[in-house]
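User: I'd like a close look at one part of this model, with the surroundings worked in as you go. Here it is.

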Amino acid sequence: PGRVELIPVTSEVPFGATPVEQARRIVEAQVSPAPDGQVTTVPPGTTVRSVFLTDGGRAYVDLGGPIVSGHAGGTLSELLTVYAIVNALTTNLPDITAVQILVDGKEVDSLTGHLDLRSPLGRSLRWVQQRGQ
């Protein structure tokens, strides 16, 4: 099999009147079902409970639903799920430099036991397909 990686996708996201509204719309797009022919890294039914932004460039994304219980598990799968969200926010909203994922309103150690989510994560393009590949 080929390399498993995130593929950048351009999609229309409704305009948010404030940065936090725009951030929420971007995350909602990430947890939505994938376009035809593509696979999402986020378990179906995952919801965006809330999004908070700090003056220091950090975003806190509170996810609900089956983000943990419905997750496929595995290190790579968890990395792809988290960085799909982190990279979408930090790429599309340059004022956001790091993202922390919460689950059901609480800080979590990880989604499936592989990636430390106890503090905000910055953008990482390590798992993103580079153009021309």
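What volume does the second largest pocket have? And once that's settled, walk me through the strands of the sheet, please.

Analyst: Bear in mind that this is a predicted model. The second largest pocket comes out at about 150 Å³. Its lining is made up of Pro19, Leu53, Thr54, Asp55, Gly57, Leu93, Pro94, Asp95 and Ile96. By type, that lining splits into five nonpolar residues, two polar ones and two charged ones.

A couple of those lining residues lead straight into the sheet. Leu53 lines the pocket, and β1 covers residues 47-53. Gly57, another lining residue, sits in the turn of the hairpin that β1 and β2 form, where it has a positive phi of about 85°. Four residues lie between the two strands of that hairpin. β1 and β2 run antiparallel and are joined by six bridges; Thr47, for instance, stands opposite Gly64 in β2.

Now for the sheet as a whole. It's an open one with four strands, ordered β1-β2-β3-β4, and the pairing is mixed. β1 and β4 are at the edges with a single partner strand each, so each has one side left without a neighbour in the sheet.

On to β2, residues 58-64. Five of its seven residues are buried, so the rest of the structure largely encloses this strand. Besides its antiparallel pairing with β1, β2 runs parallel to β3, again with six bridges. Going along that pairing, Ala59 has Val99 as its bridge partner in β3, Val61 stands opposite Ile101, and Asp62 stands opposite Leu102. To get from β2 to β3 the chain passes through helix α2 (residues 75-92), and this β-α-β crossover is right-handed.

β3 takes in residues 98-103, and six of its six residues are buried. Both faces are covered: one carries Ala98, Gln100 and Leu102, the other Val99, Ile101 and Val103. After that comes a hairpin with β4, with two residues between the strands. Asp104 is in that turn and has a positive phi of about 50°. β4 itself is residues 106-107, and its pairing with β3 is antiparallel over two bridges. Val103 has Lys106 as its bridge partner there.

What about the packing around all this? The largest nonpolar core contains 28 residues, and Leu63, Val82 and Leu89 have the most contacts inside it. The elements giving it two or more residues are α1 (19-31), β1, β2, α2 and β3. Of these, α2 supplies the largest share, with seven residues. That's the helix the chain uses to cross from β2 to β3.

Conventions
Residues are numbered from 1 along each chain as its sequence is written. This is a predicted model: local features need pLDDT of at least 70, side-chain atom pairs count only at pLDDT 80 or more; totals for chains, interfaces and linings use all residues. Side-chain values use heavy atoms; hydrogens and water are left out. On a 1 Å grid over the protein atoms alone, a cavity is a set of points where a 1.4 Å probe fits but cannot get out, and a pocket is an open set with protein on both sides within 12 Å along at least five of seven lines; lining residues have an atom within 4 Å of a point. Grid points are joined across faces, edges and corners, and a volume is the space filled by probe spheres set on the points. Ala, Val, Leu, Ile, Met, Phe, Trp, Tyr, Cys and Pro count as nonpolar, Asp, Glu, Lys and Arg as charged, and the others, Gly among them, as polar. Buried means under 20% relative accessible area, exposed over 50%, partly exposed in between (1.4 Å probe, protein chains only). Two strands pair if DSSP finds at least two bridges between them. A crossover is right-handed if, with the strands pointing away from the viewer, the path from the first strand over the helix to the second runs clockwise. A nonpolar core is a set of buried Ala, Val, Leu, Ile, Met, Phe, Trp, Tyr and Cys residues joined through side-chain atoms within 4.5 Å.
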